[in-house]
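The following exercises ask the reader to work through the sheets, the ligand site and a salt bridge of one protein. Please keep the sequence and the model in view while solving them.

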Amino acid sequence: SEKASCGSVRGELCDLFRTALSVSYPDVAADPVVAPCGNAKNGDYQCNNAMALFGKLKGAPNAPKAPRDVANAILGALPANDLVSETSLAGPGFINIRLNKDFLSKRLSNMLVNGLAGWAPAGYIGKKVVIDFSSPNVAKEMHVGHLRSTIIGDTLCRIFEYSGADVLRLNHVGDWGTQFGMLIEHMADTRKARVAAGGEDKDADEDVSDLQELYRAAKKRFDDEEEFKTRAREAVTRLQSGDPVSLAAWQRICAASRREFEAIYSRLGVTLQERGESFYNPMLKGVVDELKDAGVATIDDGATCVFVEGQSVPLIVQKSDGGFGYASTDMAALKHRLNEEKADWIVYVTDVGQSQHFELVFAAAKKAGWLVEGSGPKVSHVGFGLVLGEDGKRFRTRSGDLVRLVELLDEAKSRCAATLRERRVEAGEEVNEAEVEEAACAMGYGAVKYADLKNHRTTNYKFSFDDMLNLKGNTAVYLLYAHARIAGIVRKAEKDVYAAAATTPISLDHPKELELALHLCKLPEALEDAIAELAPNRVTDYLYDLSEKFNSFYVDCKVLGSEQEASRLLLCEATAVVMRKCFEMLGIKPLYRI
Ligand code: ARG
């Protein structure tokens, strides 16, 4: 794929070919199309512009006779540079490119000496990126779908942050809505019952200690008891009109929910700024009025709707009973993010089930003139698939409940801890509990994250502890071991590799050294692709390939005690550094010894 000028090798090649194209065919606008070669035998990269350009030039005076002539003309105009060592033509007019070894070697040395800052995807410095992710609902279950959103969203944030963007991590918590009426009313009844039984007339912590249970009990009464239903509805009205007693009860529920969410976020090392639906509540009426006044929204069957082309249903911004809902809030939130946050890019991470909702919201915003196709701020919905149990159905526990996330994470961790202890005991080593705990967290939580991120986000995947904790597969555990092994090699050499990096050139004479070096230099491209497609699996794919390239290098190229030790240690360290950058992007803590 193509990419405008940036810090990647592909980007630099694009720049060269952009010049070559404008010199050889100044009258035809053509973006350079540069991609890695499908077959490494042919070259490292290829430029594929000649064929399409030939088509465009057909019929013009002095039109080239064949695409190969176009390719030759482009090549003839390629500026002098130190990247490309060789080019060749293949097929109808592909230009194969072989990179200069010396260029790759210097790029790696430079990375070791100056760090990875220069390898970040370019074009995002100072850009405001709002990522709306995780976003569970108060008093309802935080389920595996929210876990996916949390993991995917966090990785996207990390990649944008590395790229220098000003990232706002927003937790659009479902903390407002009609469900609070029944919860507040049920809590009040519980308190009354307690007083009647001789208890104290005050709020008790236990009222909100099990929110799932509170929700279940309140919902059951709401469905079964007509009188309760009426009171619950009245409670909603009181809450919405700002009654202090109702607000206090609402706040207690939110605070209890927040504590539960925090337990997950702290395990995962994810930070988020809470800005729930309630935040936008005061803005809803104004936004809907604006849409109505502008003629963007119209009344249909009593409801206020935005009809957009190509959609079978409208976006309902106000219900016929006057109530505002999920869509109203999203319109207000979008407006706030554009006008107040001055977002350049707003990204929403939810299950694919909400795709249509976001299509409608985005289309309505375009209709209102808040967004303009092809210019100004961008919006993207990052949809993801389901998490399935081993039985291929929606992931649930044996009791049929949706799985509780904290328990899930704790189990991953304790399984890792058990394995680590076992290994220590088998090796006759002492078990250092603090060290086991640290490694088990990195492995267990890392495994859950990696197993999620490695799938393309839109595919459904099976949640399996056995698979994700497999020492040999494409898992976080395997990669953490691989990294620790490389760190161990460098440690064993007892050399200051960073001092050496400034003076010892990295030799890439062995084909496996060259292959590894080329892959290392492709980190920026993997990250660029991850951003372009909002697809974290671009990073996991890259990381896994890297570990394989390293293994294959290590099998053929002796490091410690070899003549090339100094240079090869630099390749080892460069691999470890790049692996750690990938772990960082994935929110996984690297381990140096396991
Ligand atoms: N709370 C919603 C849910 O659980 C997700 C919110 C996503 N963000 C948004 N701006 N709509 O499905």
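Three exercises with worked solutions follow; the model is a predicted one.

**Exercise 1.** Determine the strand order and the pairing sense of the open sheet of five strands, and describe how helix H5 is placed on this sheet.

*Solution.*
Step 1. The strands are arranged in the order E7-E6-E5-E11-E12, and their pairing is parallel.
Step 2. Strand E7 (273-274) and strand E12 (378-384) are the edges, as each of them pairs on one side only.
Step 3. Within the sheet, E5 and strand E11 (residues 345-351) run parallel and are joined by four bridges. Ile 131 stands opposite Val 347 in E11.
Step 4. Helix H5 (residues 144-162) packs on the sheet and touches E5, strand E6 (166-171), E11 and E12. The direction of H5 makes about 170 degrees with that of E6.

**Exercise 2.** Analyse the open sheet of three strands and identify the helices that pack on it.

*Solution.*
Step 1. The order is E8-E9-E10, with antiparallel pairing.
Step 2. Strand E8 (298-300) and strand E10 (315-318) form the edges, each pairing on one side only. On average, neighbouring strands are turned by 50 degrees against each other, direction ignored.
Step 3. Three bridges connect E8 with strand E9 (residues 303-306) in the antiparallel sense. Asp 300 stands opposite Ala 303 in E9.
Step 4. Helix H11 (residues 284-293) packs on the sheet with contacts to E8, E9 and E10, and its direction makes about 120 degrees with that of E10. Helix H13 (residues 355-367) also packs there, touching E9 and E10, at about 70 degrees to the direction of E10.

**Exercise 3.** Which residues surround the ligand, which polar contacts reach its nitrogen atoms, and with which residue does Asp 132 form a salt bridge?

*Solution.*
Step 1. The residues around the ligand are Asp 132, Ser 135, Asn 137, His 146, His 172, Tyr 326, Asp 330, Tyr 348, Thr 350, Gln 354 and Phe 358.
Step 2. From the backbone, an N or O atom of Ser 135 lies 2.9 Å from a ligand nitrogen atom. From side chains, a polar atom of Asn 137 lies 2.7 Å from a nitrogen atom of the ligand, and an N or O atom of Tyr 326 lies 2.8 Å from a nitrogen atom of the ligand.
Step 3. The ligand taken alone exposes 350 Å², of which the protein buries 90%.
Step 4. Asp 132 forms a salt bridge with Arg 337, with 2.9 Å between the closest N and O atoms. This pair links distant parts of the chain, 205 residues apart: Asp 132 belongs to strand E5 (residues 128-132) and Arg 337 to helix H12 (residues 326-339).

Notes: Residues numbered from 1 in each chain as written. Predicted model: local features only at pLDDT ≥ 70, side-chain atom pairs only at ≥ 80, totals over all residues. Heavy atoms only, no water. Pairing = 2+ DSSP bridges. Helix = DSSP H or I, 4+ residues; strand = E, 2+ residues; numbered from the N terminus. Axes fitted to C-alpha atoms, helices over the stretch in contact; angles between N-to-C directions. Contact = heavy atoms within 4.5 Å. Near = heavy atom within 4 Å. Polar contact = N/O pair within 3.5 Å; in protein donor to acceptor, adjacent residues only side chain to side chain. Areas by Shrake-Rupley, 256 points an atom, 1.4 Å probe, with all protein chains shown as cover. Salt bridge = Lys/Arg side-chain N within 4 Å of Asp/Glu carboxyl O.
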